[in-house]
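Visitor: I am new to this structure and should be grateful for a close look at a single part of it. Would you please describe the sheet and what lies against it?

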Amino acid sequence: MDASEPPTAPEGLSAAEAASRLAEHGPNTVPPTGSHRIRSLMGKLMGPVPWMLEAAAVLELVVGKVTEAVIVLALLVFNGVLSSVQEGRAADALTLLQRRLAVQSRVRRDGAWQLIDASGLVPGDVVHIRLGDAVPADLHLAGGRVGVDESVLTGESTQVERGPGDTVFAGSTIRRGEATATVTATGGQTSFGHTAELVRTATTQSHLEQLVFRIVWALLAMDGALVVAIVGYAVATHLPIREILPFVLILVIASVPVALPATFTLATSLGAAAMAKGGALVTHLAAIEEAAAMDLLFTDKTGTITQNTLAVAVLHPYGSMGDDDLLRDAALASDEATQDPIDLAVLVAARGRGVDLDVERLSFLPFDPSTKRSEAVVRIDGAELRVVKGAPQVIATLVVGAPQIAADVEAAAAGGSRVLAVAAGTETLALVGLIGLADPPRPDSADLVARLDALGIRVVMVTGDTAPTAVGIARLVGLGERVAPATSLGSPETALDLFDVYAGVLPADKLHLVEQAQRAGHVVGMTGDGVNDAPALKRAEVGTAVESATDVAKAAASIVLTTAGLGAIIAAVEAGRRIYQRMLTYTINKVVKTFQVALFLGLGLLATGTFVTTPRLILLLLFANDFVTMSLATDHVGFSAAPDRWRVRSIVTVALSIAVPWLAFSFGTFLVGRDVLHLPLAQVQTLVFLMLVFTGQATIYLVRERHHLWSSMPSWWMLGGTVADVAVVVVLATSGTLMDPISWADALGVLGAVLLATLALDLGKVWLQSRSGRSGPARPASRAA
């Protein structure tokens, strides 16, 4: 923005008055929506799993187990730091994406025009805006006329005209003309700022969090019953409380999915890294998991499905005139210097068809909102030709004997076009034809809609544009033509699947529509680019800001696209569904181990009168199994063809079908060690520890594959983790480190027994699935990656 002298204007504020108002109103900036890093980290220490770990650490300290308490707290901090670091990196990358030159404003202070940083504007300042300027604050126009692009605010691509007495809003762009204005609102008080406030108040909760709550409470209920039974047994047999309390505490800790947050964070972090290479920056890791379950996608039209640029879409010449004749005359009544989007679109179309525009122009009047037309006089073959272009109803009044064009205008508008009429003549004007201009769809939009439909995701257009324009675009990209009436917005009884398009929607309506869909049980995605989309982007489970989005929209979204188009949404869905498969494997494995270990520890004490293993060995088991299973984040899995949902009953049913045989195997191992091998109790406890580690690893491979466990190749990280895990615990057990030693023969014997049992369970799993006609929930057999 240059500081050339604008037209005569009011004196404006003095520097002292401006400084006083700046102190009163604050800088002309919108407060950031992101959270502080420390606050983000503290948030990771809240939730069902962290609360249980915190309670366990406190109880460990109460009974004097300082080392165990430190270990539990270390696990808690590890989970929080891993998640916070990854989200922090994404936030840093987003900040780099948003970096741009400081906006300068032309303001009159102390009677002189000067350039200042836009953040220094205050209410009452006199400013001057012209072609190409970003409007820095809400302004009241005092003189001049401008064409304004408000698409980032309203979602409508059509340029609007503003003159003296009108308001121009912060965030819009001047496309034509210049004007002097007074600042009426800055920062958070602007229309732009009010929308940002809606963003801060819109939140959503991860469905994985809800699942964790349900599973944890179910496991606690089972543990509670066991604890009651164990305490009753201890009272009846006069067992010392100092022996029972650590055992009960370890029993509870063994049921907590300690590594679940870290495993999920690692899996989503790897998915986010892969998506970043494909042009999608993930700013909230939970959005990847939510993408797996997304079944409804609300998408804005302007700049999201369309290109946010006008182009000639309809040519309807009259009489003997052809398309090139119509384009030539329309181009003659246009001028590139105006930077009017309509003039530019007409000129691009004419030049694209090779229309000859090399004529002498005698005069030109640019588009005037008061007359609703532009006009030119040119000389062709020695004769002067007058050409006019503008609103059809206006041009029709200038033409002698004009044909009835209302039906043609309506037909062109129904296809989503803005219609202009063109007339030309030497003495009297004759109608040359109609031109329809439309904001065309992005080249990949139709393919995107088709691919999302194949993935079981319904796409619905939500736009501020009129119904005819919206339906015209929806028809082109394959969305359908069912338009929702205005009365359906926010109506709880309205079925969302009845409509393909919501037109004439205000920013608050978009937010209400997302909330309505969520109340109906949908997992909602929302794409957009403008300030008007930001609250809905924040509220939706999968809010996606396109490449050209405003900073407010990017800050509100969970996924920010860094390349043109929406193809990265497909990658997000596929990545989310792969992560779902990995997390499902982890969850089933954890439930299996909880049933097996908790029941074995509790029932073992009640049935044998002895501790089947020690609290220290259970803590080692936690490390040996839970954290090696974090390698599931790298497993080779596929993605399903339909949205994935967490179904607790199905998970528990599958887990029980594996846990019950392993529970029987666990008791068999204890009895063999005690009654067949005649090992001392301490060595039997070591044998049981090895068995629990081996069966934990075996369960992973049983549940990760729907077919036989050898049907697909796990990742090398998984295989390497299992081999290292088995090798380490065998060495610890045979060397007597942290436990009583057993022989190599006994260690390898239990390993061989677990391998044979695993094969038997695998055969039974496949047989049961074939009898039930179901392929199981663990993972798809195709589309592996």
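Guide: In this predicted model, helix H12 (residues 323–332) lies across S10, S11, strand S12 (373–380), strand S13 (383–390), strand S14 (418–425) and S15, and H12 runs at about 85 degrees to S15. A second helix, H15 (residues 406–414), also packs on the sheet, where H15 touches S10, S14 and S15. The direction of H15 makes about 140 degrees with that of S14.

The sheet itself is an open one, formed by six strands in the order S10-S15-S14-S13-S12-S11, and the pairing is antiparallel. Its edges are strand S10 (311–317) and strand S11 (360–368), each of which pairs on one side only. On average, neighbouring strands of the sheet are turned by 20 degrees against each other, direction ignored.

At one of these edges, the pairing may be followed in detail. Strand S10 is joined by six bridges to strand S15 (residues 430–438), and the two strands run antiparallel. Within this pairing, Val312 has Leu437 of S15 as its bridge partner. Strand S10 thus appears in several parts of the picture: S10 is an edge strand, S10 is bridged to S15, and S10 is among the strands touched by H15 and among those across which H12 lies. Strand S15 likewise is paired with S10, is touched by H15, and serves as the strand to which H12 runs at about 85 degrees.

Methods. Residues are numbered from 1 along each chain as its sequence is written. This is a predicted model: local features need pLDDT of at least 70, side-chain atom pairs count only at pLDDT 80 or more; totals for chains, interfaces and linings use all residues. Side-chain values use heavy atoms; hydrogens and water are left out. Two strands pair if DSSP finds at least two bridges between them. Helices (H or I, at least four residues) and strands (E, at least two) are DSSP runs, numbered from the N terminus. Axes are lines fitted to C-alpha atoms, for helices over the stretch in contact, and angles run from 0 to 180 degrees between N-to-C directions. Contact means heavy atoms within 4.5 Å.
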